[in-house]
Amino acid sequence: MAKQEKTNVMRLLEQKKIPYQMHDYTSSGAIAGEDVARVLGENPDEVFKTLVTVGKSKQNYVFLVPVNKELNLKKAASAVGEKSIEMIKSKDLLGLTGYVHGGCSPIGMKKQFPTVVHNTAEAMENILFSGGKIGMQVELKTEDFKKVINIKFADIAE
C-alpha cells in the first residue's frame, strides 16, 4: 500500500498531538457532501463543508455547516458582526487559502480567518470535515477541534 501523502491538516494535528482519523474516499468518485457522507457511512448532519466568505468590511470568514444544509448568509453575517457577507469566487480560493474548491479545510489555511461552526456541532462528540485535499475527510473530537483553531458556534444554516 502506498504511503499516504500528508496534508497540512494532518501535519498541524500531529504537531499539536491531536488524535484524528483520516477517511479517504478518492476511489468513490463522490464529490457532493451528501454523497461523501453516504460513501463514508456517516450521518450527513456530522459531516461538514467548509465555506469561505468575504464580508462587507472585506474581512474573510470561514463557516462550517453540515453537508445537507446551506449557509444562511444573513445569519452568518450576524454571527460575525458584518452587515452582509458573500461567498468568495472559486477562482479566488486557492490564492487566499492554499486549498482548492472541494478540498478546503478550516485547518491549515495560509492565514487563519475567523471560523464559525454550525451550532449543532457543539453537542457532537466527533466532527468530520475536509482533510485539505479532494477525497480526504478528517474526523476528530469536537473538543480537540477547538484546541487547533479558534472557533465559535452559531446558528448559521438553513
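**Close-up views of a five-stranded sheet**

**View 1. Side chains of strand β5 in the predicted model.** In strand β5 (residues 115-118), the side chains of Thr115 and Val117 point one way, while those of Val116 and His118 point the other way. All of these residues are buried. In a regular strand, side chains alternate between the two faces of the sheet.

**View 2. Strand β5 and its pairing with β3.** Strand β3, which covers residues 60-66, pairs with β5 in the parallel sense. Three bridges connect β3 and β5. Val62 of β3 stands opposite Thr115 in β5, and Leu64 stands opposite Val117.

**View 3. Strand β5 and its pairing with β8.** Strand β8 spans residues 151-154 and is parallel to β5, with four bridges between them. Thr115 of β5 stands opposite Ile151 in β8. For His118, the bridge partner in β8 is Ala154. Thr115 thus appears in two views: it stands opposite Val62 and opposite Ile151.

**View 4. The enclosed strand β3.** Seven of the seven residues of β3 are buried, so this strand is largely enclosed by the rest of the structure. Buried here means under 20% relative accessible area. Asn60, Val62, Leu64 and Pro66 point one way from β3, and Tyr61, Phe63 and Val65 point the other way. Val62 and Leu64, which point one way from β3, are the residues shown in View 2 opposite Thr115 and Val117.

**View 5. The hairpin of β2 and β3.** Strand β2 (residues 48-55) and β3 run antiparallel and are joined by seven bridges. Leu51 of β2 stands opposite Phe63 in β3. Four residues lie between the two strands of this hairpin. In the turn, Lys58 has a positive phi of about 75°. β3 is therefore antiparallel to β2 and parallel to β5; strands of a sheet pair through backbone hydrogen bonds, either parallel or antiparallel.

**View 6. The whole sheet.** Five strands form an open sheet in the order β4-β2-β3-β5-β8, and the pairing is mixed. β4 (85-87) and β8 stand at the edges with a single partner strand each, so one side of each is left without a neighbour in the sheet. From one strand to the next, the twist averages 35°.

Methods. Residues are numbered from 1 along each chain as its sequence is written. This is a predicted model: local features need pLDDT of at least 70, side-chain atom pairs count only at pLDDT 80 or more; totals for chains, interfaces and linings use all residues. Side-chain values use heavy atoms; hydrogens and water are left out. Buried means under 20% relative accessible area, exposed over 50%, partly exposed in between (1.4 Å probe, protein chains only). Two strands pair if DSSP finds at least two bridges between them. Axes are lines fitted to C-alpha atoms, for helices over the stretch in contact, and angles run from 0 to 180 degrees between N-to-C directions.
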